[in-house]
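Visitor: I would like to learn how to read a structure like this one. Where should a newcomer start?

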Amino acid sequence: MKRLVILGFLTGSLAACVEPPASPMEAAARRAAAAELTAKQCAGFAGGYESVRKLRHDANQNIATARRLGATDATIAKARTDVRMAFDMQVAFSNPQQACNMMVGELAWATG
């Protein structure tokens, strides 16, 4: 029960801090930023070296998609800031492992 309350609080807190992407361009930029952050901060939780390589490839593909849809350097930078803020908030209210698990799960779900 305690975890459900914390999860509800976190979801509300994260939603209040970072707005959802307003366009497919922003969504691709966020997926790229999340893959980058997960590769750099969560290598051990994400599956190690080979998983980091796949995350980097995924990030590069999403950056290319975002750029094709009109993303600028500022768009990519904002996506990185938004993802970092959400990740740091998750770490603050849980721990790095749970934050990394959330990132890996969200990325896997978003990319199908």
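Guide: What follows goes through helices, the core, salt bridges and a few single residues. Keep in mind that this is a predicted model.

Visitor: Let me begin with helices. What span should helix H6 have, and what is the distance between its end C-alpha atoms?

Guide: A helix is expected to rise by 1.5 Å a residue, so the 16 residues of H6, residues 96–111, should span 22 Å. The end C-alpha atoms of H6 are 22 Å apart, which agrees.

Visitor: Which residues of H6 are buried?

Guide: Buried means under 20% relative accessible area. In H6 the buried residues are Ala 99, Cys 100, Met 103 and Leu 107. They cover an arc of only 100° around the axis, which puts them on the same side of H6.

Visitor: What covers the buried residues of H6?

Guide: The cover includes helix H2 (24–41), helix H3 (43–46), helix H4 (49–68) and helix H5 (73–93).

Visitor: Which atoms come together at the start of H6?

Guide: There, a side-chain oxygen of Asn 95 lies within 3.0 Å of the backbone nitrogen of Gln 97.

Visitor: How does H2 look by the same reading?

Guide: Start with the length again. With 18 residues at 1.5 Å a residue, H2 should span 26 Å, and its end C-alpha atoms are 25 Å apart, which agrees. Then look at burial: H2 is mostly covered, with 13 of its 18 residues buried.

Visitor: Now the core. What is the general idea?

Guide: In soluble globular proteins, nonpolar side chains tend to be buried together. Here the largest nonpolar core has 24 residues. The members that touch the most other members are Leu 55, Ala 66, Ile 76, Val 83, Phe 87 and Met 103.

Visitor: Which helices each supply at least two residues of this core?

Guide: H2, H4, H5 and H6 each do so. The most comes from H2, which gives 9 residues.

Visitor: Take one core member. Which residues is Ala 66 in contact with, leaving aside its neighbours within four places in sequence?

Guide: Ala 66 is in contact with Met 25, Ala 28, Ala 29, Ala 71 and Ile 76. Ile 76 is also listed among the core members that touch the most others.

Visitor: What about charged residues?

Guide: Side chains of opposite charge can pair when their charged atoms come close. Such a pair is read here as a salt bridge, and the structure holds 5 salt bridges. One of them joins the side chains of Asp 82 and Arg 30, at 3.1 Å from N to O. This pair links distant parts of the chain, with Asp 82 in helix H5 and Arg 30 in helix H2, 52 residues apart.

Visitor: Are Asp 82 and Arg 30 buried or exposed?

Guide: Asp 82 is buried, and so is Arg 30. Arg 30 and Asp 82 are also linked with Lys 78 in a network of salt bridges.

Visitor: Which residue meets Arg 80 in a salt bridge?

Guide: Arg 80 meets Glu 36, side chain to side chain, at 2.6 Å from N to O. This pair also links distant parts of the chain: Arg 80 is in helix H5 and Glu 36 in helix H2, 44 residues apart. Arg 80 counts as partly exposed because its relative accessibility is 38%, whereas Glu 36, at 17%, counts as buried. Not counting residues up to four places away in sequence, Glu 36 touches Ala 59, Ile 63 and Arg 80.

Visitor: How do the two partners in the pair of Arg 67 and Asp 73 count for exposure?

Guide: The side chains of Arg 67 and Asp 73 meet in a salt bridge of 2.7 Å, N to O. Arg 67 is partly exposed, with a relative accessible area of 36%, while Asp 73, at 58%, counts as exposed.

Visitor: Can we finish with two single residues, starting with Asn 62? Where is Asn 62 found?

Guide: Asn 62 is found in helix H4. At 8% relative accessibility, Asn 62 counts as buried. Leaving aside its neighbours within four places in sequence, Asn 62 is in contact with Ala 28, Arg 31 and Ala 32.

Visitor: And where is Gly 47 found?

Guide: Gly 47 is in the loop between H3 and H4. Its relative accessibility is 53%, so Gly 47 counts as exposed. The C-alpha atoms of Gly 47 and Val 104 are separated by 9.8 Å, and these residues are 57 residues apart along the chain.

Definitions and conventions. Residues numbered from 1 in each chain as written. Predicted model: local features only at pLDDT ≥ 70, side-chain atom pairs only at ≥ 80, totals over all residues. Heavy atoms only, no water. Helix = DSSP H or I, 4+ residues; strand = E, 2+ residues; numbered from the N terminus. Expected span 1.5 Å × (residues − 1). Buried < 20%, exposed > 50% of the residue type's maximum accessible area, 1.4 Å probe, protein only. Arc of directions from axis to C-beta. Contact = heavy atoms within 4.5 Å. Polar contact = N/O pair within 3.5 Å; in protein donor to acceptor, adjacent residues only side chain to side chain. Core = buried A, V, L, I, M, F, W, Y, C linked by side-chain atoms within 4.5 Å. Salt bridge = Lys/Arg side-chain N within 4 Å of Asp/Glu carboxyl O.
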